[in-house]
Amino acid sequence: MRPVTKISLLGIRLAIIALAIYWIAIFTGTHLPAVSDFSPRMNDKIKHFSAFFGLATLLCYSTTSSNLVKRFGTIAAVIAVYAAFDEFTQQFIPGRTADPYDFIADMAGALTAIAVYIVVRWMLASKRTPAV
């Protein structure tokens, strides 16, 4: 399967660079002490949902495989492990706690993004396929 985009910077696909920057940003944001929260005021679960929706979208966009079940299953598994690790390590940050509901919000965002990506991909592919 061909890459989603051929745009590159210093030989690295731009999607991979965006994914790396985004992942570092959300890791940093979730591991700052709670006293220095610069994020917009909104429900914590919406922040988790949105952050992991973005992460899953970038992972879907930057990966390629002809075996779609394995591809999206691997993305979901990687995100589940990362979300669990993220929640576990937050308990060691001043002012933060590990919350199982945050993990649920993380996974809901990730699985929603994967589903949206699959539907959009299917819709775009069906537009390109000529009707018989």
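The legends below accompany several close-up views of a predicted model.

**Figure 1. The whole chain, from strands to helices.** This predicted model has a secondary structure of four helices and two strands. Following the sequence, you will meet these elements in the order β-β-α-α-α-α. The chain has 132 residues, of which 28% count as buried. Keep that overview in mind as the later views move in on single residues and pairs.

**Figure 2. Confidence along the chain.** The average pLDDT of the chain is 86, and 83% of the residues score at least 70. Which elements mark the lowest and highest mean pLDDT? Strand 1, residues 8–9, has the lowest mean at 60, and helix 3, residues 68–90, has the highest at 96. Where pLDDT is low, the predicted coordinates should not be read in detail. A word of care, then, for anyone zooming in on strand 1, with its mean pLDDT of 60.

**Figure 3. Helix 1 and its two faces.** Helix 1 runs over residues 14–30, and its 17 residues reach 24 Å from the first C-alpha to the last. That span is close to the 24 Å expected at 1.5 Å a residue. Its buried residues are Ala15, Leu19, Ile26 and Thr30. Why do they lie on the same side of helix 1? They do so because they cover an arc of only 40° around the axis. Now look at the face turned away from this buried side: here helix 1 carries the exposed residues Ile21 and Ile24.

**Figure 4. Leucine 32 beside isoleucine 93.** Leucine 32 sits in the loop between helix 1 and helix 2, the latter covering residues 44–62. Along the chain, leucine 32 and isoleucine 93 are 61 residues apart, yet 7.1 Å separates their C-alpha atoms. Is leucine 32 buried, partly exposed or exposed? Its relative accessibility is 33%, so leucine 32 counts as partly exposed.

**Figure 5. Lysine 45 and its salt-bridge partners.** The model has three salt bridges by the distance rule used here, and this view brings together the network that links Asp44, Lys45, Asp99 and Asp102. Aspartate 44 meets lysine 45 side chain to side chain, with 3.3 Å from N to O. In the salt bridge between aspartate 99 and lysine 45, the closest N and O atoms are 2.9 Å apart. This pair links distant parts of the chain, since aspartate 99 belongs to the loop between helix 3 and helix 4 while lysine 45 belongs to helix 2, 54 residues apart. For lysine 45 and aspartate 102, the N to O distance is 2.7 Å. Lysine 45 is in helix 2 and aspartate 102 is in helix 4, so this salt bridge ties together parts that are 57 residues apart in sequence.

**Figure 6. How covered the network residues are.** Which side of the 20% cut-off for buried does aspartate 102 fall on? With a relative accessible area of 4%, aspartate 102 is buried, because buried means under 20%. Lysine 45, at 28%, is partly exposed. Aspartate 44 also counts as partly exposed, with a relative accessibility of 35%.

**Figure 7. Phenylalanine 103 and alanine 83.** Phenylalanine 103 is a residue of helix 4. Its C-alpha atom is separated by 6.0 Å from that of alanine 83, and the two residues are 20 positions apart along the chain. The relative accessible area of phenylalanine 103 is 28%, which means that it is partly exposed.

**Figure 8. Methionine 107 and alanine 76.** Helix 4 also holds methionine 107. How far apart are the C-alpha atoms of methionine 107 and alanine 76? They are separated by 8.0 Å, for residues that are 31 apart along the chain. Methionine 107 has a relative accessible area of 13% and is therefore buried.

**Figure 9. A nonpolar patch on the surface.** Here Val116, Val120 and Leu124 form a nonpolar surface patch, and together they have about 230 Å² of accessible area. Leucine 124 is found in helix 4, which spans residues 100–128. At a relative accessible area of 44%, leucine 124 is partly exposed.

Methods. Residues numbered from 1 in each chain as written. Predicted model: local features only at pLDDT ≥ 70, side-chain atom pairs only at ≥ 80, totals over all residues. Heavy atoms only, no water. Expected span 1.5 Å × (residues − 1). Buried < 20%, exposed > 50% of the residue type's maximum accessible area, 1.4 Å probe, protein only. Arc of directions from axis to C-beta. pLDDT = per-residue confidence, 0-100. Patch = residues over 30% accessible without salt bridge, like charges linked within 9 Å, V, L, I, M, F, W, Y side chains within 5 Å. Areas by Shrake-Rupley, 256 points an atom, 1.4 Å probe, with all protein chains shown as cover. Salt bridge = Lys/Arg side-chain N within 4 Å of Asp/Glu carboxyl O.
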